[in-house]
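Me: Please take a close look at one part of this model, the aromatic pairing and the helix around it. Keep it brisk, and give the reasoning with the numbers.

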Amino acid sequence: MAPARPDPERAFAAAMALQRAGRLAEAERAWRALAGQLPNHAGVHANLAMVLWQLGRHDDAEAAAADALARPYGFARLNSISLAASTAPPTISTQPAATAQLSS
């Protein structure tokens, strides 16, 4: 018998708590695990993108954001990126090269 999967709502809340606490490597693992469980959930991919961006892995973040947009209702769900970005550490917004990449 296969082990039971964690409750998606609890897993989402746990991943978000890790992300908000700045435990980014753990948050990345949690979001990736949840993406395996909920592959069509745009918010999961959007939050993964934000964590990857905060880790400085901009190419990976871009790919995860593209994955979020490709999901059903992906564009509507990407408001979680805006929310995450508004709570991100200020060091992200002060990186001119990274900011320039976002606008291109």
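Reply: The structure holds one aromatic pair. Its members are Phe12 and Trp31, with ring centres 4.9 Å apart and planes at 80°. Planes over 60 degrees apart count as edge-to-face, so at 80° this pair is edge-to-face. Note that the model is predicted.

Now place the two rings. Phe12 sits in helix H1, residues 8-20. Trp31 sits in helix H2, residues 24-37. The two residues are 19 apart along the chain, and the pair links distant parts of it.

Next, exposure. Trp31 has a relative accessible area of 0%, so it is buried. Phe12 has 25%. Buried means under 20% and exposed means over 50%, so Phe12 at 25% is partly exposed. The pair therefore joins a buried ring, Trp31, to a partly exposed one, Phe12.

Stay with H2. Trp31 is one of its buried residues. The others in that list are Leu24, Ala27, Glu28, Leu34, Ala35 and Gln37. Glu28 and Gln37 are thus among the buried residues, along with Leu24 and Leu34. What covers the buried residues of H2 includes H1 and H3. H1 is also the helix that carries Phe12.

The geometry of H2 can be checked too. H2 has 14 residues, and at 1.5 Å a residue they should span 20 Å. The expected span uses one less than the number of residues. The end C-alpha atoms of H2 are 20 Å apart, so the span agrees.

Then H3, which is part of the cover over H2. H3 runs over residues 42-54 and contains Asn47. With a relative accessible area of 2%, Asn47 is buried. Its C-alpha atom is 9.5 Å from that of Ala61, and the two residues are 14 apart along the chain.

Finally, the setting. The protein chain has seven helices and zero strands. From the N terminus on, its elements run α-α-α-α-α-α-α. Of its 104 residues, 34% count as buried, and Trp31 and Asn47 are buried residues. Take contacts between residues at least 6 apart in sequence: 57% of them join residues at least 24 apart. The chain exposes about 6600 Å², and carbon and sulfur atoms supply 59% of that area.

Definitions and conventions: Residues numbered from 1 in each chain as written. Predicted model: local features only at pLDDT ≥ 70, side-chain atom pairs only at ≥ 80, totals over all residues. Heavy atoms only, no water. Helix = DSSP H or I, 4+ residues; strand = E, 2+ residues; numbered from the N terminus. Buried < 20%, exposed > 50% of the residue type's maximum accessible area, 1.4 Å probe, protein only. Contact = heavy atoms within 4.5 Å. Areas by Shrake-Rupley, 256 points an atom, 1.4 Å probe, with all protein chains shown as cover. Phe/Tyr/Trp six-rings, centres within 6.5 Å; stacked < 30°, edge-to-face > 60°.
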